[in-house]
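The following account is meant to be read alongside the sequence and the coordinates. It proceeds from one strand and its partners to a second sheet and then to a pair of helices.

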Amino acid sequence: MYEVPTRFYQRLHHPRPRFKSNIENVLGYMAFSIAELDGQDESTFKDKILSAINDFPGNSGLAIKTLNNWRTEITALFSMVSTNKGYNFATDLSKELANTTNLKEFFLRFICTFQYPGGFLKSNEINKILISDIHFHPLQWLSEFFSSSIAEEDLYITDVEFCHCVLNDLRVTRDKEYLPITVNRILRNRENKEFYDASGDTKRYALDILDYCVLAGLMLKDYKGKYFVRDDARDFLRYFQFHTPLFNDYLKEFNLQEIEALKPSWIEFVNNSSKSLLESFEEEISKKSGVTDALSFSTKQIGDEGEALTLAHEKIWLSNNGRLDLSKLVSHMPTQFAVGFDILSRELDATMRHIEVKTTVSQKDFTVNRVHLTPNEWAAAESHRERYFVYRLQLSEESCSLWIIQDPVSLYKQDRIKMVPRNGADIFFDETCYTQVELLRTHE
């Protein structure tokens, strides 16, 4: 069995969400809850966020210790809450996730800043890492691994390889070992059919990091547990190698109090540097090729895909119901018109149907019944009333779902949905408020 030589072994770890198996739904749900509590004092925030966690489907009756563990993992690990002078605030990561439900972008921003040492760890654990002179950014190493000249097109890595040959090996995390040496060690172990300790407790932190890369749209995992880089992520990973956000505020001589005092700076770093990184990447690609939204899962591209699918759906539905004439009138509304909806369609009797499309792309089915409407969209809903529809389109690796909400303003006035004003409106609905229909698509 392969083992890291004792003198080079130091295990790196991090908080692990108890909700990892349902992480997209939990974080999507909590982003709305955190955004709703923006600016509350710490005591009120804690009470209300614990109540929100308890209200998440399946959580009723959880022990207070478990609820607090969830709260800590959500706010600390994912940098979704900042604290200032006794008040808690939703960070940009929280607000953007609530506004767009763009889960891939959320996880991309998270993994782009995830590094050791990092503010997601307790101060004593950060201190141990500093004493060992470890400065390691997992995604930076992975981006170099998949972009290196020695990498074959089908080069992959497994969780146990990443665990034993990278994450827990000081030659990599401390000494910055020349990449080809590490890669050759991995390939030699494969050739020699070396076994690794694959117990869950041993490999789980390496597994987490690789899974976050999958959730971020950077990697794919096959049925054998091999992780490959996605072709549409290669440009970003090449860019990331040379623009990796690094948090350099921790110093080896810091005591625990000084380390703890840096937590607010860490939260700010995660939110600000991750956002500026994506913006600078898009700008760089735009300058070189004229292509905007170079990330295939940017909020705009996801929105455009959802609108295109909805446009086709409406045309097919009208045509299938004998109104080919009306199907030709279905149109997409240019963003610059600012009309508060995306698609102008028709009913079978030719009356107007104003459709606002909200699209979510996720690995698993996303079941959070919440959407955000901008001020312009809510105003359009108030203006068009029964002629205004929200199409909640959910695309995942497993399925495609379309939920249709008609006249959200009337539903709110009838107390059938909850509406929270927040730079527009967050609307919370259940199965009594929408119709789920099959998304109609052309056969290729």
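The paragraphs below describe selected parts of this predicted model.

A convenient starting point is strand β8, which spans residues 352-362. Of its eleven residues, ten are buried, so β8 is largely enclosed by the rest of the structure. Strand β7, residues 343-346, runs antiparallel to β8 and is joined to it by four bridges. Within this pairing, Ser345 of β7 has Arg353 of β8 as its bridge partner. The two strands constitute a hairpin in which five residues lie between β7 and β8. In that turn, Ala350 adopts a positive phi of about 80°.

Strand β8 also pairs with β10, residues 388-396, here in the parallel sense and over nine bridges. Val357 faces Tyr391 of β10 in this arrangement.

One residue of β8 merits individual attention, namely Glu356. Its relative accessible area is 3%, and because buried means under 20%, Glu356 counts as buried. Leaving aside residues up to four places away in sequence, what does Glu356 touch? Its contacts include Gly340, Phe341 and Asp342, together with Leu373 and Glu377. They also comprise Tyr388, Phe389, Val390 and Tyr391.

A separate element of the description is an open sheet of three strands, arranged in the order β9-β13-β12 with antiparallel pairing. Its edges are formed by β9 (370-373) and β12 (418-421), each of which pairs on one side only. On average, neighbouring strands of this sheet are turned by 20° against each other, direction ignored. Helix α1, residues 23-36, packs on the sheet and touches β9, β12 and β13. The direction of α1 makes about 50° with that of β9. Between β12 and β13 (residues 425-428), the antiparallel pairing extends over four bridges. Pro421 stands opposite Ala425 of β13.

The last topic is helix packing. Two packed helices are described by the angle between their axes and the distance between the axes. For α8 (residues 159-167) and α10 (residues 179-191), the axes come within 10 Å and cross at roughly 135°. This angle makes α8 oblique to α10. The crossing in which α8 passes α10 is right-handed. On the α8 side, the contact is made by Glu161, Cys165 and Val166, while α10 contributes Thr182, Ile186, Asn189 and Arg190. By residue class, the contact of α8 with α10 divides into three nonpolar, two polar and two charged residues.

Definitions and conventions:
Residues numbered from 1 in each chain as written. Predicted model: local features only at pLDDT ≥ 70, side-chain atom pairs only at ≥ 80, totals over all residues. Heavy atoms only, no water. Pairing = 2+ DSSP bridges. Axes fitted to C-alpha atoms, helices over the stretch in contact; angles between N-to-C directions. Contact = heavy atoms within 4.5 Å. Buried < 20%, exposed > 50% of the residue type's maximum accessible area, 1.4 Å probe, protein only. Parallel < 35°, antiparallel > 145°, perpendicular 65-115°, else oblique. Left-handed = near helix turned anticlockwise from the far one by under 90°. Nonpolar A, V, L, I, M, F, W, Y, C, P; charged D, E, K, R; others polar.
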